[in-house]
Amino acid sequence: MVDEGPVRPMPMPLRIGQLIETVDVQGGGTSTAFLAVLAALRTQPGLLPRGFALRPASGDPADADVRASPAQWSLVDHRGTTLRTGELGLAAARALRAGELDILHVHGLWCPDLLHAGRAAIRAGVPLVWQPHGMLVREAYAQKRWKKELFMALGMRGVLRAASALVFVTGEERDHSIIPAGIERRRQQVVPLPVSMPGESIGSAFRARARARFGLPASDPVIVFMGRLHHVKRVDMAIRALAQARTDRLRLLLIGGGEEEPKLRALAAELGVADRVTFGGWVQGDDKWLALAAGDVLTLNSVHENFGYVAVEALCVGTLPLLTRNLAIAREIGPAAGGGAGVAEVSEPTIEALAAGFDAGVARARSMTDEQRSNGRRYVEDRLSLNAIGTQLRSLYQDICAARRS
């Protein structure tokens, strides 16, 4: 049994430290998820969340969150390098030593600042919750594995073993992760990511405004992609599927940026579909919802997704997700899902199958009534809203504190 340090009485309200290496939303989905978790905790009575992170760039969506509630953040300007702890880890450790936190919830891995803070929590007798955000999944772990094994050997394995809970966003993430020995199943918790839903009512007028925002003809069918233009996202497959699809005037709206953009532009020109592919760039705020609503269908056909955040966001605006079968979210919301799901389409992860999925998805989406579109939104409200997930996290934290007091 790992010595978790001295046990301290836990006051109410619970002061929950939320720690991440960087909260730059344009850097990836983990930052978006982190902000959503903070928002979910703010819906709960009896919880006082406090974010620890590298200071976001001005104009980043995270910067707006900080400006809206500065008292709930502890920000630094520098993080650690390689195996050396930086300001971020030191700031979290100071708060732990000063008795300012009752639980530390860490997001991510492979960062000396996170490791330092985890060790500080153990020494201070503060319960530790660790959320790897897919970084322990076998496919992700295999990339530069020797560096990760070294990091584990230098202390990460022991800190994870001392955690009161490891949090995974799906059962599939948990079951396909390389979890250090000694972490019992009861400490491997599954809590989905929360979704911040748009406040505006979504209907035909909103969708028309969305088309206008991105310069898309109102009558043309549109497939939308949202995410980094990165090889893991297989955006090239979506462009090739567009070229093979049979739907007249079908268009592809690509929302996001990344190193693959020049290659993708060249591919679209090579396939003769450049005039039907729109590169919309990064979006934020209300433009995110407009971008998703501009599509009849959202495509998510990545090599791997820890959760598939954008698929449930698409449901919030009545856009039909088309997911490849290799993604865990396909089993949660696809046709074969139980519990009243079936709010998405699923295809095999091939160009030909995706092209056929585009055709079938557009046909289904264009025949849906507003009431049918609202089924997806209700699914998100019931299971993945800020309040729903905030309630699950509050219960987890309270159970951990109760167990340590007993």
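**Exercise 1. Strands 9 and 10**

Task: In this predicted model, state how many bridges join strand 9 to strand 10, and in which sense the two strands run.

Solution:
1. Locate the strands. Strand 9 covers residues 251-255, and strand 10 covers residues 277-281.
2. Count the bridges. There are four, and the strands run parallel.
3. Follow the chain between them. From strand 9 the chain passes through helix 10 (residues 261-270) and then enters strand 10. This β-α-β crossover is right-handed.
4. Pick out one pair. Leucine 253 has threonine 278 in strand 10 as its bridge partner.

**Exercise 2. The six-stranded sheet**

Task: Give the strand order of the open sheet of six strands, and explain why strand 10 and strand 13 each have one side without a neighbour in the sheet.

Solution:
1. Write the order: 10-9-8-11-12-13, with parallel pairing.
2. Look at the ends. Strand 10 and strand 13 (345-347) are at the edges. Each has a single partner strand, so one side of each lacks a neighbour in the sheet.
3. Add the twist. Neighbouring strands of this sheet are turned by 25° against each other on average, direction ignored.
4. Check an inner pair. Strand 8 (residues 222-226) and strand 9 run parallel and are joined by five bridges. Here phenylalanine 225 is set opposite leucine 254 of strand 9.

**Exercise 3. The seven-stranded sheet**

Task: Identify the edge strands of the open sheet formed by seven strands.

Solution:
1. Write the order: 3-2-1-4-5-6-7, with parallel pairing.
2. Read off the edges. They are strand 3 and strand 7 (188-190), and each pairs on one side only.
3. Add the twist. On average, neighbouring strands here are turned by 20° against each other, direction ignored.
4. Examine the strand 7 end. Strand 6 (residues 165-168) pairs with strand 7 in the parallel sense over three bridges. Valine 167 faces glutamine 189 in strand 7.

**Exercise 4. Around strand 3**

Task: List the contacts of leucine 75, leaving aside its neighbours within four places in sequence.

Solution:
1. Place the residue. Leucine 75 is in strand 3.
2. Apply the contact cut-off, heavy atoms within 4.5 Å. The partners of leucine 75 are Ala53, Leu54, Arg55, Pro56 and Val66.
3. Compare sequence with space. Leucine 75 and glycine 51 are 24 residues apart in sequence, and their C-alpha atoms are 7.9 Å apart.
4. Move along the chain. Leucine 83 lies in the loop between strand 3 (73-76) and helix 3 (87-97). Leu83 joins Trp146, Leu150 and Leu154 in a nonpolar surface patch of about 430 Å².

**Exercise 5. A salt bridge within a helix**

Task: Find where arginine 67 and aspartate 63 lie, and what their side chains form.

Solution:
1. Recall the principle. Side chains of opposite charge can pair when their charged atoms come close.
2. Locate the residues. Both arginine 67 and aspartate 63 are in helix 2 (residues 61-68), four residues apart, about one turn of the helix.
3. Test the distance. The cut-off is 4 Å. The N to O distance between arginine 67 and aspartate 63 is 2.9 Å, a salt bridge.
4. Set the total. The count comes to 24 salt bridges.

**Exercise 6. Positive phi**

Task: State the phi values of tryptophan 110 and arginine 234, and place each residue.

Solution:
1. Recall the rule. Most residues other than glycine have a negative phi.
2. Take tryptophan 110. Its phi is positive, about 60°. Tryptophan 110 is in the loop between strand 4 (103-107) and helix 4 (112-124).
3. Take arginine 234. Its phi is also positive, near 50°. Arginine 234 is in the loop between strand 8 and helix 9 (235-244).

How values were computed. Residues numbered from 1 in each chain as written. Predicted model: local features only at pLDDT ≥ 70, side-chain atom pairs only at ≥ 80, totals over all residues. Heavy atoms only, no water. Pairing = 2+ DSSP bridges. Right-handed = clockwise from strand over helix to strand, strands pointing away. Axes fitted to C-alpha atoms, helices over the stretch in contact; angles between N-to-C directions. Patch = residues over 30% accessible without salt bridge, like charges linked within 9 Å, V, L, I, M, F, W, Y side chains within 5 Å. Areas by Shrake-Rupley, 256 points an atom, 1.4 Å probe, with all protein chains shown as cover.
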